[in-house]
Amino acid sequence: MTEYQIIPDRFKVLSGSALKVLAVVTMIIDHIGSHLVDRSIVLFEWGSYSLTLYRAMRDIGRLAFPIFCFLLIEGFLHTRSKVRYGVSLAALAVISEIPYDLEHNGTILYLGQNVFFTLLLGYLGLCAIEKFYSKPIPALICVVGLALIALHLRADYDIVGFGFILVLYGLRRNELLRIFTGIMLGNYRFVMLAFLPISLYNGKRGFIKGPFLKYLFYFIYPVHIFIIYLIKANTVGF
């Protein structure tokens, strides 16, 4: 239970599995909107204001990254093996890179790196903070070094995403303050909505159990972006 919470425990009805499903669904909506949707399709008009299908899908997608960061922190706090968890993140980052590059420009020479690199660097930052908890100088050196790596690699959400993970970890016991950390990611009126389902988290694992479902969930990321690449290459083009 958090020390400063805005929602009573009896209303916390979402398991970790439910949050994973929500994050995956909103992520896929975001990526489809970004790469496959015609930006001229208008859903709603009111005077001079118009809402396009593209904008609506991208705004829905803003929920995904904060939820993934929250789940990363939960995994860090509860994993039986921090080394194995880190290796899994690194493996997914490497596996996802070619589909990610193809999705963005149709070649494997795209300069940016996929979001698993951001999550991996954030995870390593959490490990450094834990290891050097009583030694602020080594911890600071590690965190700054990892932040520079995130910036150099041009990882998805780059240094802002890395910093967001650390701030979210620091505010993990304060629901009210962590809501406002969404401002760091920009377009905050939508990012902050992610903290509603996060605040409804009940601390339970949920229905995603066992290695098969666990890794099936992980591989949704590289598989779906490769499918988007195939559709884009044969319809929209680059």
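Q: Where is D158 placed in this predicted model, and is D158 buried or exposed, or partly exposed?
A: In this predicted model, D158 belongs to helix α7. D158 counts as partly exposed because its relative accessible area is 30%, and the partly exposed class lies between the cut-offs of 20% and 50%.

Q: What is noted about the phi angle of D158?
A: Phi of D158 is near 35 degrees, which is a positive value in a residue other than glycine.

Q: Which other residue that is not a glycine has a positive phi, and where is that residue found?
A: R154 has a positive phi of about 55 degrees and is not a glycine. R154 is found in the loop between α6 and α7. R154 counts as exposed because its relative accessibility is 51%, and the exposed class begins over 50%.

Q: How should the packing of two helices be read, and what are the values for α6 and α7?
A: Two packed helices are described by the angle between their axes and by the distance between those axes. Here, helix α6 (residues 136–153) packs with helix α7 (residues 158–170) at an angle of about 145 degrees, and their axes are 7 Å apart. The crossing of α6 past α7 is right-handed.

Q: Which residues make the contact between α6 and α7?
A: On the α6 side, the contact is made by V143, L146, A147, A150 and L151. On the α7 side, it is made by D158, I159, F162 and L166. D158, with its positive phi, therefore appears again as a residue of this contact, and it is partly exposed at 30% relative accessible area.

Q: What is the general idea of a salt bridge, and how many are found in the whole structure?
A: Side chains of opposite charge can pair when their charged atoms come close. A search of the whole structure finds four salt bridges.

Q: Which salt bridges does D30 form?
A: D30 forms a salt bridge with R58, in which the closest N and O atoms are 2.5 Å apart. This pair links distant parts of the chain, with D30 in helix α1 (residues 16–35) and R58 in helix α2 (residues 53–61), 28 residues apart. D30 also forms a salt bridge with R62, where the closest N and O atoms are 2.8 Å apart. Because D30 lies in helix α1 and R62 in the loop between α2 and α3, this pair ties together parts that are 32 residues apart in sequence. D30, R58 and R62 are thus linked in a network of salt bridges.

Q: Are the residues of this network buried or exposed?
A: D30 and R58 are both buried, and R62 is buried as well.

Q: What links K82 and E130, and where do they lie?
A: K82 forms a salt bridge with E130, the closest N and O atoms being 3.7 Å apart. The pair joins distant parts of the chain: K82 is in helix α4 (residues 82–105) and E130 in helix α5 (residues 115–131), 48 residues apart. K82 counts as partly exposed because its relative accessibility is 26%. E130 is partly exposed as well, with a relative accessible area of 41%.

Q: Which residues make the nonpolar surface patch, and which helix gives the largest share?
A: The patch of about 490 Å² is made by I95, Y215, F219, V223, I227 and I231. Helix α11 (residues 210–236) contributes the largest share, five residues. F219 is found in this helix, α11, and counts as partly exposed because its relative accessibility is 33%.

Conventions: Residues are numbered from 1 along each chain as its sequence is written. This is a predicted model: local features need pLDDT of at least 70, side-chain atom pairs count only at pLDDT 80 or more; totals for chains, interfaces and linings use all residues. Side-chain values use heavy atoms; hydrogens and water are left out. Patches are made of residues with over 30% relative accessible area and no salt bridge: like charges are joined within 9 Å, nonpolar side chains (Val, Leu, Ile, Met, Phe, Trp, Tyr) within 5 Å. Accessible areas come from the Shrake-Rupley method with a 1.4 Å probe; for residues, only the protein chains shown count as cover. A salt bridge is a side-chain nitrogen of Lys or Arg within 4 Å of a carboxyl oxygen of Asp or Glu. Helices (H or I, at least four residues) and strands (E, at least two) are DSSP runs, numbered from the N terminus. Buried means under 20% relative accessible area, exposed over 50%, partly exposed in between (1.4 Å probe, protein chains only). Axes are lines fitted to C-alpha atoms, for helices over the stretch in contact, and angles run from 0 to 180 degrees between N-to-C directions. A crossing is left-handed if the near helix is turned anticlockwise from the far one by less than a right angle, and right-handed if clockwise. Contact means heavy atoms within 4.5 Å.
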